[in-house]
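This report describes a single protein chain. The sequence and the coordinates are shown first, and the description comes after them.

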Amino acid sequence: MNIAKNGTLILTQLTKTSPQIFSSVKVGDLVDGTVLDKSSRALLVDLGRHGTGVVYRGELQNARELVKSLDTGSPIHAKVIEVDNDDGFIELSLSEAGKQKAWGEVDELRGKDEAFTVKITGFNKGGLITSVKGIPAFLPVSQLAADHYPKAVSAERTEIGVALQKLVGEEISVKVIDANPRMGKLILSEKEATEISSRELAKNYEVGQVVDGLVSGVADFGVFVKFVDNPAVEGLIHVSELDYRIIENPKDVVKVDDVVKAKIMDIKDGKISLSLKAMKVDPWLVVADTYSENQGVKGKVYMFNPFGAIINLDETYQGYVHVTEFGSVEEMKKHLAVGNEYSFVIDAVKPTERKITLKMKK
């Protein structure tokens with residue numbers, strides 16, 4: 001008899017101290033049940049063979065929109081946060097269950113590598129803000145497709161911000177590229193969602209082909225061009241492919257809505273690289289017809305670099321004055337100013353190096 005009593009006591013004690021041994025549910029499990037009773041302080045839930053669950057006031061507040069729609073008998077989906085609380089119930093969370101389910105659906109989207117549509121709700125200096133299954137998500141500027149990438153004249157934050165603001169309220173196709181429920185981090189990419197389409201479209205073109213295009217954007221690194229025969233296709237002319245001259249600002253060469261003819265130089269992963277320079281005759285092949293050593297010339301200062309100054313001699317050729325002519329960059333800038341014209345003497349003409357070196361005229 002004493003043995004039976006002792007066994008009962010031990011069993012009772014174990015039930016209180018280690019309920020997980022006797023329960024088929026554990027902390028973190030998602031469970032389904034039916035609402036038994038609803039009040040402002042708690043929600044009782046019939047969990048069938050698992051027992052009775054409870055959602056307390058704090059959790060009711062966290063999931064108040066869902067709770068409003070619940071009545072006695074309503075089916076419910078919840079997460080176990082305590083197996084046997086002080087009241088003897090299985091304590092539940094509705095909001096945590098919703099989050100866990102949402103993250104599960106996000107993980108499924110990522111696993112299937114599927115594209116889906118989101119609505120942009122905001123932006124910051126780094127990209128666009130949206131949500132997926134109720135989870136806050138971020139789309140970095142670097143992951144925007146070419147059509148939406150900020151095509152500012154320069155990379156100033158204010159200009160990028162203006163470009164991003166225009167996308168607020170728009171729906172765009174994206175893919176999940178990073179999901180971390182623990183850190184609450186969900187990163188999306190429009191570029192990944194459109195990559196396959198871009199690759200397919202690019203197959204209609206080949207390297208060496210000349211295309212007609214419309215300038216759709218000008219950035220400090222180059223020019224975006226939409227193809228006239230298919231505006232869904234967009235190529236990039238890098239600043240180095242705009243002209244045989246050194247170009248500091250692409251806007252000096254073209255502006256938005258200009259019609260241009262460009263040559264396809266490369267096609268890789270659906271990205272098309274174009275060139276305006278390739279459409280022109282190489283002027284360095286005939287530079288000797290215009291300039292020679294010891295010739296006196298006039299030129300306008302175009303820009304400085306750490307090694308000297310670039311001088312525009314005419315609309316085709318540029319010359320170069322090395323900083324050693326002056327002793328230092330500071331001294332050079334005392335003698336030369338961007339936009340001003342000065343007299344020079346040609347020190348050397350080097351067609352193979354595409355270079356004309358100059359000296360100040362004494």
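The sections below go from the chain as a whole to its strands, its cores and two individual residues.

## Overall dimensions

The model is predicted. DSSP runs in the chain amount to 7 helices and 21 strands. Along the principal axes, the C-alpha atoms occupy a box of roughly 120 × 50 × 35 Å. The radius of gyration is 34 Å, whereas a compact globule of 362 residues would have one near 21 Å.

Buried residues make up 38% of the 362 in the chain. The accessible surface is about 20900 Å², and carbon and sulfur atoms account for 51% of that area. When contacts between residues at least 6 apart in sequence are considered, 57% of them link residues at least 24 apart.

## Strands 2, 3 and 5

Strand 2 (residues 42–46) is paired with strand 3 (residues 52–56) in the antiparallel sense, with 5 bridges between them. One of the facing pairs is D46 with T52 of strand 3. The hairpin of these two strands has 5 residues between the strands, and G48 in this hairpin has a positive phi near 65 degrees.

Strand 3 also pairs with strand 5, here in the parallel sense and through 2 bridges. G53 has I90 of strand 5 as its bridge partner. Strand 5 itself covers residues 90–93.

## Residues D46 and S93

D46 belongs to strand 2. Is D46 buried, exposed or partly exposed? Its relative accessibility is 34%, so D46 counts as partly exposed, since that class lies between the limits of 20% and 50%. The side chain of D46 comes to 2.8 Å from the backbone nitrogen of G48, the residue with the positive phi in the hairpin of strand 2 and strand 3. With residues up to four places away in sequence set aside, D46 touches G33, T34, L36 and G51. From the C-alpha atom of D46 to that of V345, 299 residues away along the chain, the separation is 95 Å.

S93 is placed in strand 5. The relative accessibility of S93 is 1%, and S93 therefore counts as buried, the limit being under 20%. Which residues does S93 contact, leaving aside its neighbours within four places in sequence? The contacts of S93 are with E59, A78, K79 and I81.

## Strands 12, 13 and 15

Strand 12 (residues 210–219) has antiparallel pairings with two other strands described here. With strand 13 (residues 222–227), strand 12 shares 6 bridges, and a hairpin passes from strand 12 to strand 13 through 2 residues. Within this pairing, G217 has F224 of strand 13 as its bridge partner.

With strand 15 (residues 259–268), strand 12 shares 5 bridges. V210 stands opposite K263 of strand 15 in this pairing.

## Strands 17, 18 and 20

Strand 17 spans residues 296–305. The pairing of strand 17 with strand 18 (residues 308–312) is antiparallel and has 5 bridges. The two strands form a hairpin in which 2 residues lie between them, and K300 stands opposite N312 of strand 18.

Strand 17 pairs with strand 20 (residues 341–350) as well, again in the antiparallel sense and over 5 bridges. In that pairing G299 stands opposite Y342 of strand 20.

## Nonpolar cores

In soluble globular proteins, nonpolar side chains tend to be buried together. The largest nonpolar core of this model has 24 residues, and the members that touch the most others are F227, I237, I272 and L274. At least two residues of this core come from each of strand 12, strand 13, strand 14 (230–238), strand 15, strand 16 (271–275) and strand 17. A second core, separate from this one, has 23 residues, among them A102, V106, L128 and L188.

Which residues are in contact with L274, leaving aside its neighbours within four places in sequence? They are V211, V225, F227, G235, L236, I237, H238, E241, A262, K263, I264 and M265. Of these contacts, F227 and I237 are also listed with L274 among the core members that touch the most others. K263, another contact of L274, is the residue that stands opposite V210 in the pairing of strand 12 with strand 15.

Notes:
Residues are numbered from 1 along each chain as its sequence is written. This is a predicted model: local features need pLDDT of at least 70, side-chain atom pairs count only at pLDDT 80 or more; totals for chains, interfaces and linings use all residues. Side-chain values use heavy atoms; hydrogens and water are left out. Two strands pair if DSSP finds at least two bridges between them. Helices (H or I, at least four residues) and strands (E, at least two) are DSSP runs, numbered from the N terminus. Buried means under 20% relative accessible area, exposed over 50%, partly exposed in between (1.4 Å probe, protein chains only). Contact means heavy atoms within 4.5 Å. A nonpolar core is a set of buried Ala, Val, Leu, Ile, Met, Phe, Trp, Tyr and Cys residues joined through side-chain atoms within 4.5 Å. The radius of gyration is taken over C-alpha atoms; the globule rule is 2.2 Å times the number of residues to the power 0.38. Accessible areas come from the Shrake-Rupley method with a 1.4 Å probe; for residues, only the protein chains shown count as cover. A polar contact is a pair of N or O atoms within 3.5 Å; within protein, one must be able to donate a hydrogen and the other to accept it, and residues adjacent in sequence count only if both atoms are side-chain atoms.
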